[in-house]
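I opened this structure for the first time today. Here are my notes, in the order I looked things up.

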Amino acid sequence: MIEIVKNIISVLSKYKFDIQNEKELQSEIGAALLENGIQWVREFYISPKSIIDFYHPTTHENGIGIEIKIAGTAKSIYKQCERYLQDDKIVALILVTSKTIGMPGTINNKPVHVVKLGKAWL
């Protein structure tokens, strides 16, 4: 699973995405993932109140969640990620954000990775 996570991070880190509109950003990220052979499910229902932006299945029962955030407070983003990682369907999370935010390496004993969109523009 770690190789899949590294591959997704590598793909997302090399693109200069438009970060002005979250829906457009999600569309561009979906296209970039597919262009690089990474299959995903869009707006995956973890539970009725938890819908993650992208889900890459790693088995029939669980997978890697990818959440896109360009708005919100650090606290609200953390709480949302924490909620996603409470469910067994998500075994790792990749937060893709334009915000300056620190995240712990694990939440609920599951790995968390952050892709900072601004780095590609430097």
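**Notebook: helices, sheet and cores**

I started with Glu24, which sits in helix 2, residues 22-35. The model is a predicted one, and I kept that in mind. Is Glu24 buried or exposed? I found it partly exposed, because its relative accessible area is 38%, between the 20% and 50% cut-offs. I then checked Glu24 against Ile90: 66 residues separate them in sequence, and 24 Å in space, C-alpha to C-alpha.

Next I looked up the sheet. It is open, has six strands in the order 1-2-3-4-6-5, and its pairing is mixed. Which strands form the edges? I noted strand 1 (41-47) and strand 5 (106-107), each paired on one side only. Strand 5 runs antiparallel to strand 6 (residues 110-116), joined by two bridges. There I saw Thr106 opposite Pro111 of strand 6.

Then I turned to the helices on the sheet. Helix 1 lies across strand 2 (50-57), strand 3, strand 4 and strand 6, at about 15° to strand 6. Helix 3 (residues 74-84) also packs on the sheet, and its direction makes about 155° with that of strand 4. I listed the strands helix 3 touches: 1, 2, 3, 4 and 5.

Last, the cores. The largest nonpolar core has 21 residues; among those touching the most other members are Leu12, Phe17, Ile29 and Ile66. Helix 1 (2-13), helix 2, strand 3 (63-69) and strand 4 (90-97) each give two or more residues to this core. Another core, of 15 residues, lies apart from it and includes Ile52, Leu85, Ile90 and Leu95. I closed with Ile66: beyond its neighbours within four places in sequence, its contacts include Ile8, Leu33, Asp53 and Val96.

Notes. Residues are numbered from 1 along each chain as its sequence is written. This is a predicted model: local features need pLDDT of at least 70, side-chain atom pairs count only at pLDDT 80 or more; totals for chains, interfaces and linings use all residues. Side-chain values use heavy atoms; hydrogens and water are left out. Buried means under 20% relative accessible area, exposed over 50%, partly exposed in between (1.4 Å probe, protein chains only). A nonpolar core is a set of buried Ala, Val, Leu, Ile, Met, Phe, Trp, Tyr and Cys residues joined through side-chain atoms within 4.5 Å. Contact means heavy atoms within 4.5 Å. Two strands pair if DSSP finds at least two bridges between them. Axes are lines fitted to C-alpha atoms, for helices over the stretch in contact, and angles run from 0 to 180 degrees between N-to-C directions.
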